[in-house]
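Me: Please go through the charged pairs and the pocket of the structure shown below.

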Amino acid sequence: MNITNIKTFLSIAYCDSITHAANALYVSQPTVSARLQQLEEELGVTLINRRKGMRSVELTPQGKAFIAIAERWVALDAETNQFQSQNASMLLSIACPDSLNNFMLNRFFYDLSSRDPSVRLNVRTHQSPEIFSLVDSREVDVGFAFLLSRYSNILCRPLFSEEMTLVCSAAGEWPDDPIRPDQLNPEHELYLAWMQEFRHWHDNWWNPKVPPFVQVDLAPMFTLYMKNPLCWAICPVSVAKGFVRSGVPIRIRKLSKPIPDRVCYILMNRSTMDIDLPVLKLFNERLDAFLAAQEDIRIISGETD
């Protein structure tokens with residue numbers, strides 16, 4: 001299948017216009033239309049409805065379904081090109097949740113690449129459920145997640161745990177002593193559902209029917225709201241200290257009632273483990289050394305599931 005035609009289809013879908021797609025690709029509109037027709041003929045389906053007078057394109061159900069396939073095809077094409085141009089044994093694709101990428105492992109990835117220029121990392125950010133799927137399909141070599149999910153092709157082991165802590169706006173007045181959960185107003189909370197155990201703990205203390213001040217799915221979104229003196233949030237200690245390093249106006253406080261620790265799992269496909277890749281051995285050795293140097297986490301020793 002012609003990768004140029006697939007990229008042209010994606011450009012049409014993203015631009016919502018054949019004209020805009022042609023401009024983005026620096027080709028003529030007839031060229032874009034011809035590429036689209038070739039792709040449709042090869043697939044045996046209509047991807048875009050063509051109607052006179054329409055300024056924007058209308059994807060058919062098959063066209064909408066094909067977007068995800070086309071994106072994977074383009075990603076695989078890029079990886080294939082990297083494989084051909086570089087030493088493939090030193091390529092490593094990794095998927096992590098946002099909070100791990102931004103507040104802890106970003107330093108590890110930087111150190112690994114800096115110390116070993118031959119290592120080529122492709123670091124992606126996804127939610128934990130998506131990461132299991134990516135490892136299962138071998139779209140990534142290594143994954144990190146904050147939940148367990150049963151996949152027969154995935155080897156999953158607990159890597160480390162870290163404390164959850166309370167962060168409060170530095171503009172507010174907060175006691176130095178451990179704060180009871182019932183002293184916190186849930187209507188001023190910045191909420192992120194870090195993991196299932198945290199959700200259960202949270203719902204035990206605050207009525208889940210009472211909406212928080214704001215609910216987000218990315219930790220950096222907390223930072224703007226922390227200017228409000230009433231706002232507070234619960235987050236992993238690595239995230240809290242990352243906020244402090246970045247100059248976010250917060251105070252870190254203890255809660256009087258313990259919160260379940262956040263556990264991080266490392267994931268690999270069984271078939272990937274069967275391949276003797278030097279980069280995987282190096283990655284694991286450097287990761288173990290990096291985690292051992294972290295003060296705020298507890299290394300978990302155990303067998304792989």
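**Salt bridges and a pocket**

Reply: In this predicted model, Glu162 has a relative accessible area of 1% and is therefore buried.

Me: Which residue meets the side chain of Glu162 in a salt bridge?

Reply: Glu162 belongs to strand 6 (residues 154-162) and its partner to strand 12 (residues 262-269), so the pair ties together parts that are 100 residues apart in sequence. The partner counts as buried, at 1% relative accessibility. The N to O distance is 2.7 Å, and the partner is Arg262.

Me: Is Asp176, which meets Arg253 in a salt bridge, buried or exposed?

Reply: Arg253 lies in strand 11 (residues 250-253), and Asp176 in the loop between strand 7 (164-169) and strand 8 (189-191). Arg253 is buried, with a relative accessible area of 14%. For Asp176 the relative accessible area is 66%; because exposed means over 50%, Asp176 is exposed.

Me: How far apart are the closest N and O atoms of Arg286 and Asp116?

Reply: Arg286 lies in helix 12 (residues 278-292) and Asp116 in the loop between helix 6 (105-115) and strand 4 (120-125), so the salt bridge ties together parts 170 residues apart in sequence. Arg286 counts as partly exposed at 22% relative accessibility, whereas Asp116 is buried at 17%. Their closest N and O atoms are 2.3 Å apart.

Me: How many residues of the lining of the second largest pocket are nonpolar?

Reply: This pocket has a volume of about 360 Å³. Of its 21 lining residues, those closest to the centre include Leu192, Ala193 and Trp194. The lining has 4 charged and 6 polar residues, and the nonpolar ones number 11.

Conventions: Residues are numbered from 1 along each chain as its sequence is written. This is a predicted model: local features need pLDDT of at least 70, side-chain atom pairs count only at pLDDT 80 or more; totals for chains, interfaces and linings use all residues. Side-chain values use heavy atoms; hydrogens and water are left out. On a 1 Å grid over the protein atoms alone, a cavity is a set of points where a 1.4 Å probe fits but cannot get out, and a pocket is an open set with protein on both sides within 12 Å along at least five of seven lines; lining residues have an atom within 4 Å of a point. Grid points are joined across faces, edges and corners, and a volume is the space filled by probe spheres set on the points. Ala, Val, Leu, Ile, Met, Phe, Trp, Tyr, Cys and Pro count as nonpolar, Asp, Glu, Lys and Arg as charged, and the others, Gly among them, as polar. A salt bridge is a side-chain nitrogen of Lys or Arg within 4 Å of a carboxyl oxygen of Asp or Glu. Helices (H or I, at least four residues) and strands (E, at least two) are DSSP runs, numbered from the N terminus. Buried means under 20% relative accessible area, exposed over 50%, partly exposed in between (1.4 Å probe, protein chains only).
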